[in-house]
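Me: I'm new to reading structures, and I'd like a close look at one place where two helices meet. Could you start there and then show me how that spot fits into the rest?
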Amino acid sequence: MLEARQLECTRGDRCLFTDLSFKLGRGQMLRVAGANGSGKTSLLRIMCGLVSPSAGELRWQGRPIRDEREEYSRNLVFIGHLNALKDDLTALENLQCAAALSGKPADVGRMLAALERFGVAHCAELPAKVLSQGQRRRVALARLALAPAAPLWILDEPFSALDVGAVVELELLLAAHLASDGMVVLTTHQEVQVVAHAILRVDLDLHTAALRAA
Amino acid sequence: MNWGSWQNFLAMGGYGLYVWGSYAVTLIVLVAEIVALITRRRGVIEHLAKYYAARRRNHETEA
Amino acid sequence: MIRALGWVLRRDLLLAFRRRGDVVNALVFFVIVVSLFPLGVGPEASQLRNMAPGVLWVAALLACMLSLARLYAPDHQDGTLEQMLLAGEPLVVLVMGKVISHWLMSGLPLVLIAPLLGLQFDLPGDALAVLCVSLLIGTPVLSLIGAVGAALTLGVRGSGVLVALLVLPLYVPVLIFGAGSVGAVASGTGAEAHLMLLGGFLALSLVLAPWASAAALRIAME
Amino acid sequence: MSKSGRFSWFYFSSPQSFYPLAGTLQPWFAALAVILCAVGLYISFFVAPTDAQQGESYRIIFIHVPAAWMSMFLYLVMGFWSGVGLVFNTRLSSMVATALAPTGALFTFIALWTGALWGKPTWGTWWVWDARLTSELILLFLYIGFMALQAAIDDQRRADKAGAVLALVGVINVPIIYFSVKWWSTLHQGASVSMTGAPTMAKTMLLGMLIMALGFWMYSIAATLARVRCVILERERHTDWVAAEIGAQT
């Protein structure tokens with residue numbers, strides 16, 4: 001279970017959000033909403049442990065994540081704005097490196113299956129630099145389809161640059177992950193059709209310092 | 001130690017240029033730092049006063 | 001842990017292989033800088049022999065420093081660095097992998113080509129041998145210290161010049177003892193003491209630099 | 001440790017409570033600096049005898065040596081506060097480290113300048129690659145690197161932390177650099193005229209240097225406190241107490 005306690009994030013002089021608390025349990029999805037510049041990406045980076053919050057803390061299974069960074073990292077998959085693809089490596093090699101770094105077996109069969117899921121198996125041997133924006137996103141998302149899945153997925157605008165087919169595929173994947181007791185945190189501008197028994201929603205516009213003062 | 005006269009004191013046994021060059025530059029550098037610190041403090045206060053005034057105006061127009 | 005290090009190394013070497021030009025360019029830079037010195041000071045053999053260790057070492061420093069821009073910056077831009085921080089492996093280990101691959105691509109070629117350039121400067125055989133050994137021990141230190149500078153200046157404006165400003169003063173001891181070892185052989189006093197001290201620097205920087213670099217990377221990603 | 005002891009320690013580690021404290025202490029350190037420097041200058045010009053070998057030119061060491069000491073000492077202090085800031089994540093320590101750098105760089109510059117002016121009559125050239133001057137030069141580069149790095153990073157928190165890592169790496173390196181350079185210079189030029197090692201080094205000379213060093217030390221503290229106050233105002237401008245302070249000042 002992931003628990004946030006009174007998180008606060010400041011960037012320079014500006015307080016992006018303050019007093020943000022929530023609990024995310026197994027099988028639940030958290031959707032982070034908010035206007036542009038409200039700190040959605042910052043919140044996700046805090047939740048990954050890449051950035052430390054200016055106040056408050058995050059707990060994974062009851063323990064603060066900064067105390068056991070590596071252990072926590074092994075439990076999560078983060079897909080950010082950047083696709084984390086190397087232009088000079090092929091889609092398959094990129095996926096293999098990502099899998100190996102997160103401690104998963106780098107078995108070619110599984111890689112191809114994951115790419116197939118997102119309909120980019122035919123690009124497996126092409127260097128990432130020749131792929132289109134949408135194809136690159138699909139290759140990045142293929143990491144989600146790699147077994148064994150990490151329990152916590154943190155996705156920053158996963159639907160950007162995807163066509164309808166890929167959107168549906170991702171929604172199915174999210175639903176399956178939630179059904180098997182996984183957890184998902186995501187930001188998105190479009191409506192998501194995901195079957196889950198609980199979808200939490202955090203609206204960062206309701207956590208700004210100005211509003212609290214008022 | 002008795003230098004006898006100002007001339008002797010300034011001449012520093014023929015090394016006046018070096019000795020006084022060292023002391024003068026040290027003095028100049030330290031004074032420059034002090035002046036820089038004072039102007040910086042004034043600048044900060046002035047800048048912040050403007051900053052708060054602008055913020056106050058902004059609040060008033062909003063309210 | 002070793003597996004993750006192996007993967008970082010493997011990936012970086014593969015990338016370097018696909019972009020061979022970058023590696024070759026750094027090497028050509030080294031050769032050109034070294035070859036310019038005789039043109040500047042004149043072709044007199046005894047003078048060149050005296051200068052050779054210093055010239056070769058300074059050129060090695062510069063070549064190594066130039067290639068630091070490729071150490072973390074591309075990973076930072078395409079997001080793979082974020083993923084490395086979240087890999088679930090100690091970051092120090094991954095940093096070690098990056099440093100080793102940096103050395104293999106920028107340090108080792110210098111070691112291999114240095115004897116040829118030493119011949120241009122009329123260095124005797126034993127001095128050439130010591131030059132190679134000193135570069136072999138010293139260039140990893142350059143990569144290790146450089147990794148700290150590269151991590152500190154990651155994504156900062158004007159980082160190319162800044163990294164030189166930060167890293168070159170820290171290279172001074174390596175330069176002194178690296179060039180000193182070759183000079184010591186030439187003057188007949190033996191280079192063991194120099195090489196031992198270089199080895200000491202290597203040990204010290206192996207222990208400390210990856211930690212500092214990893215800490216700097218975490219800071220840079222905030 | 002008693003509860004009240006911890007409390008007072010943390011009380012002054014907050015910028016808000018340190019700001020008035022620094023304001024109160026700063027004039028005292030400045031006054032001490034003036035008095036000590038005056039006494040030091042008196043000793044160096046009117047008490048210390050003429051040096052048998054170097055004549056009057058040796059009087060430069062009364063500022064050269066203390067400035068060199070201070071430059072190295074301030075770098076260590078900067079490294080210490082950087083380390084504290086990094087480990088305990090206290091903003092004030094990082095601000096102190098940032099405020100120390102310019103003063104340290106100034107003393108490094110003074111040491112270099114006076115070294116050159118001492119070298120001309122003693123060695124016959126303005127610059128000699130001796131151990132002290134060379135390591136001072138490298139120290140100046142380290143200071144400049146620290147300030148340039150902090151200036152180049154926009155995010156304040158990152159600038160503090162990155163500067164701290166650099167300062168700590170520098171602190172480990174300064175002794176290594178110093179001994180490398182020392183070893184190198186003795187190898188290349190043999191024994192040279194040393195500034196402090198001369199057998200004629202009278203007690204009064206040492207006393208003069210010590211008092212000047214103390215004066216420089218007090219000056220450094222005063223200058224750093226003044227700069228920290230500016231830094232605090234700039235960085236804490238979003239707080240209410242700074243707004244009140246500025247209101248009281250204008």
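Which residues in H2(B) meet which residues in H8(D)?

Reply: Happy to help! This is a predicted model, so local features need pLDDT of at least 70, side-chain atom pairs count only at pLDDT 80 or more, and totals for chains, interfaces and linings use all residues. Residues are numbered from 1 along each chain as its sequence is written, while chains are lettered from A and ligands numbered from 1 in the order in which they are written.

Now to your spot. From H2(B) come Ile45(B), Leu48(B), Ala49(B) and Tyr52(B), and they meet Ala243(D), Ile246(D) and Gln249(D) of H8(D). Residues are in contact if their C-beta atoms, placed from the backbone, lie within 7 Å. Helix H2 of chain B covers residues 16-62, and helix H8 of chain D covers residues 240-249. Helices (H or I, at least four residues) and strands (E, at least two) are DSSP runs, numbered from the N terminus.

By class, this contact has six nonpolar residues, one polar residue and no charged ones. Here Ala, Val, Leu, Ile, Met, Phe, Trp, Tyr, Cys and Pro count as nonpolar, Asp, Glu, Lys and Arg as charged, and the others, Gly among them, as polar.

How do the two helices sit? Their axes come within 10 Å and cross at roughly 110 degrees. Axes are lines fitted to C-alpha atoms, for helices over the stretch in contact, and angles run from 0 to 180 degrees between N-to-C directions. H2(B) and H8(D) are therefore roughly perpendicular to each other; the cut-offs are under 35 degrees for roughly parallel, over 145 for roughly antiparallel, 65 to 115 for roughly perpendicular, and oblique for the rest. The crossing of H2(B) with H8(D) is left-handed: the near helix is turned anticlockwise from the far one by less than a right angle, whereas clockwise would be right-handed.

Let's step back to the two chains that own these helices. Chain B has 23 residues in contact with 32 residues of chain D. On the chain B side, 16 of those residues are nonpolar, four are polar and three are charged. Four pairs of chains touch, and the pair of B and D has the most contacts among them. Chain B does not touch chain A, where the nearest C-alpha atoms are 12 Å apart. Chain B does not touch chain C either, and there the nearest C-alpha atoms are 24 Å apart.

Chain D also has a helix pair of its own to set beside your spot. Helix H3 (residues 61-88) of chain D packs against helix H7 (residues 203-235) of chain D at an angle of about 45 degrees, with the axes 8 Å apart. H3(D) and H7(D) are therefore oblique to each other, and their crossing is right-handed. On the H3(D) side the contact includes Phe62(D), Trp69(D) and Leu74(D), and among the H7(D) residues that they and their companions meet are Met212(D), Phe216(D) and Ser220(D). That contact divides into 14 nonpolar, two polar and no charged residues.

How confident is the predictor about chain D? The average pLDDT (the predictor's confidence in each residue, from 0 to 100) is 85 for chain D, and 90% of its residues score at least 70. Residues 1-5 of chain D are below 50, and this stretch has one contact in the model beyond near neighbours in sequence. The model as a whole scores ipTM 0.87 and pTM 0.89.

Chain C offers another helix pair. Helix H3 (residues 45-66) and helix H9 (residues 172-186) of chain C pack at about 155 degrees, with their axes 9 Å apart. That angle makes H3(C) roughly antiparallel to H9(C). The crossing of H3(C) and H9(C) is right-handed. Among the residues that make the contact are Arg49(C), Gly54(C) and Trp57(C) of H3(C), together with Leu175(C), Gly178(C) and Val182(C) of H9(C). By class, the contact of H3(C) with H9(C) has eight nonpolar residues, three polar and one charged.

One last look, at chain A. It is divided into domain 1 (1-75 + 151-214) and domain 2 (86-149), with bounds from an automatic or database domain assignment. The C-alpha centres of the two domains of chain A lie 24 Å apart. Their contact takes 14 residues from domain 1 and twelve from domain 2 of chain A. Helix H6 (residues 164-179) of chain A gives the largest share of the domain 1 side, six residues.
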